[in-house]
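Let's take a walk through this model together. Keep your viewer open and a selection box handy; each stop tells you what to pick and what you will find there.

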Amino acid sequence: MDDQSILQLIRTGKNDLALNALYRNYPTIRKMIRARGGTTKDAEDVFQETLIILLRKAADPQFRLTAQLTTYLYSVARFVWNDQLRNRRAPVSDNVSDLADRPALTSDLADYPDLAGTLADECRIRLAEQALGDLKDRCRELLLLFYQAQLSLAAIAAKMGYSSENSAKNQKYKCLESARSRLKQLELLQQTQTL
Amino acid sequence: MRPELELIEKIEQYLNGKLSPADNTAFEAQLAADPNLREQLRLQSDIRAALQRTVLATSVRHARQHYHAMRWLRWGGFSLGVAVVAIGTLLMLTRPWHSGPKSGLTSISGEIYTIDLTRDTILKTRPGALLRIPRGSIDARGATTIRIAIKEAYTIADMIRYGLTTRSDGQPLSSGGMIDIRPVDADSARIIRPVAVSLPTGRIEEGMNLYKGSVDNNGKVNWVDPRPLSDTTQPTSNSVIRQYLAEGRTLFETHCSQCHSVAHIVTGPALAYIEERRPQEWLFGYIRDNRKMLSYDCYSQYIYNAFNKTPMNTFPSLTDKSIDQILLYIGNQSQLIDSNKVTNYTREFDSCRQYRRMAGLLEKNRLALITANENRTEVRNNNSGTAITDTPIVYTSPAAVTTVTPVEHPSIYYTFTVESFGWYNVDALLKGLPGIQQSELRVSMTAEYAAEVNVFLAIPGRKVLAEGGFLKDSKTEFCFYTEDGQIPLPQGEQAYVFATGEYQGKLVFAIRGFTVERQQSIELQPMAMTKTQIADIVAHLDLNQLSIRVDDSRNAAKIRVIDTSLAAIARFKPQHCDCDCRLDEPRDSSWGEKMPAGATK
């Protein structure tokens, strides 16, 4: 499947099909990660993160592919991995040779100047995802039904057994509130790490 | 609604662009002025992005499963020269090609393909079906090419789009995929010999059948004529995988099901999506011998703690193939379960890791600060020896009895300074002076305080100050000279015993006055007190210039900051987080090839 059809699939919401096609790039990425000191598990994680970034970016109508999709994935994956390496090594950076081994980031950045910002965003959103994970199941389900399945409040009320559309709405805001406050907690927690 | 909820609603409307232009301008002005509101907006939009990410992550996981399933097939060497697409050919919709009543299926045209009937054709459709159309299987009334329209439905969304349902004579079916194949121009062709169709499916289920769709007058499809799936056209893949699954099931029931279920927690954790959570090499190692891994793998210890500290049985003799089959079976069964509802121990473990790493760092700093502190209790005196020469005594302690050693405590928050200028040490002076007799004196207190305080004996009239140590073999009783509690004391004189220290971050103090007798046992009850309270008590006693001063230790303020942080993060500490494995290792790849020294292969 050529690049444009894959992008077209993503834009029309057929992520599953697009992903099946995109997964063909996995062996290349795995090879690259392993060559840079990662395990197969790392490669899986990095590749998944890369795919998520691509899906999120490609869904934006402004997104234009400037290189082959394979090249793009490769660059993003390399960037993601470098970022992970940096975070992992940060607490033990007393080893100077480690620093020397670290691949240069500048080349990635030159190709895709917005990646650093994207990655920082994703990092924050991953934390938000953790906050969602800590919600009660019912709350998470409600939010997913509303924002992702895009069901109407009336349909959600019927499906989840709320007495009225209004009480489903109220519940939705309460769930958003607790997700928000949990996220705030997690962010504070993360900050204490730098103490 | 509460005002907080109303604000959330307002932010929602703003993010959705649903505010009126006037409201929007007002809200943006508010945003510009109020950093707190900006923060709330950011949190809320992050949460929305995270919801989107959650769904994407699920799709990505499915793609990964799909990829591995395919790879597994290739690995098994079952490819047929063309890529084997279908794991099972499950539901196929065929019906005689003649125009029927208008149904959902006919209302939307599918994908159109042109087939050259003079050759064998292998057609892989965009959504993933694989058709093998041998030459001569389609009769097109003499034409050499034909255009066919193919519609495929794999997901609920597809089914809704095509208006399909999955009912068979009123009974609901679970669908592995549906396909409709017909010529673009009705009645232009007939299938006269079998066409092989493979549909991709994520899951294989026993008892899956092939149904034929018959469209009723209302355009609804009723699935009839179930037949077992044919393996003849795809001679290897289906049967081999199904055999593997069946063997996997048997193995699972023999070895695992006593303690595990795929969907529920039994004695051990639910295994659904286990391959998503743990890397393969870990799973193989753990299944064969989890007890060995307990000695060096943090995750194993975590699971062990979470499940009643009971190790799993070991299965050293399971072959790679058997474990593969079990995992294949579990993976297949997992598809029936909503992955959002499976407890993800990895996530808890990661929080645990994060907590321990942070707590470890804080505690290390705390310890360093404590070490850099002065000793908790300092006794200052300026015995220059002049007092001793006034009363010439030569005393040697009996060789058989050892004198007590005071315990030194590191100072955390407080330091105590006992100043006793011109006071004497008991060892040098008392024995042999007039009025002094060999006595026995013990001071007792509860063990938790005893471990944390320094105890002193003061006799103001004689300017004697002695620090106590534990009575031989005791953790609650102190004495002041020899380890058996013996001490020469001036009978009938006023004396004091006092204890200073810190217990659980609080300053504790106790003092009691008494008249010396031959044999005494005094109980002290240290209590939490402030510095002023202690100063007050000391000031009201006639201590003959003995001063007891309490100060904050050098690093007290810094230590208190760390304590606050430790308490703050302790609220996020997950359960089962206490294990003694080394979480500060940079990576968790301590299983498999990177075994630490000492672990035997």
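Start with chain A and its contacts: among those with a separation of 6 or more, 59% are between residues 24 or more positions apart. Bear in mind as you go that this is a predicted model.

Stay with chain A and switch on a cartoon view. You should see 11 helices and zero strands. Following the chain from its N terminus, every element you meet is α: α-α-α-α-α-α-α-α-α-α-α. Of the 195 residues in this chain, 28% count as buried.

Next, colour chain A by confidence. The average pLDDT is 79, and 85% of the residues score at least 70. Where in chain A is confidence highest, and where is it lowest? Select residues 40-58 for the high end: this is helix α4 of chain A, with a mean of 89. Then select residues 96-101, helix α6 of chain A, where the mean drops to 38. Widen that selection to residues 91-110 of chain A, and pLDDT stays under 50 throughout. For this stretch, the model has 14 contacts beyond four places in sequence. A word of caution for this stop: where pLDDT is low, the predicted coordinates should not be read in detail.

Now zoom in on helix α3 of chain A, residues 26-35, and show side chains. Which residues of this helix are buried? Pick A:Y26, A:I29 and A:I33, and you have three of them. They lie on the same side of α3(A), because they cover an arc of only 65° around the axis. The spacing fits a simple rule: an α-helix has 3.6 residues a turn, so residues three or four places apart point the same way. Turn the view to the other side of α3(A), and you will find A:K31 and A:A35, both exposed. Before leaving, click on A:G37, just after α3(A): its phi is positive, at about 85°.

For the last stop, move to chain B and select strands β2, β3 and β10. Together they make an open sheet of three strands in the order β2-β3-β10, with antiparallel pairing. At the edges are β2 (121-124) and β10 (196-198) of chain B, each pairing on one side only. From one strand to the next, the twist averages 10°.

Look more closely at β3 of chain B, residues 130-133: three bridges join this strand to β10(B), and the two run antiparallel. To see a bridge for yourself, select B:R132 together with B:A196, its partner in β10(B).

Terms used: Residues numbered from 1 in each chain as written. Chains lettered and ligands numbered in written order. Predicted model: local features only at pLDDT ≥ 70, side-chain atom pairs only at ≥ 80, totals over all residues. Pairing = 2+ DSSP bridges. Helix = DSSP H or I, 4+ residues; strand = E, 2+ residues; numbered from the N terminus. Axes fitted to C-alpha atoms, helices over the stretch in contact; angles between N-to-C directions. Buried ≥ 20, exposed ≤ 12 C-beta atoms within 10 Å, placed from the backbone. Contact = placed C-beta atoms within 7 Å. Arc of directions from axis to C-beta. pLDDT = per-residue confidence, 0-100.
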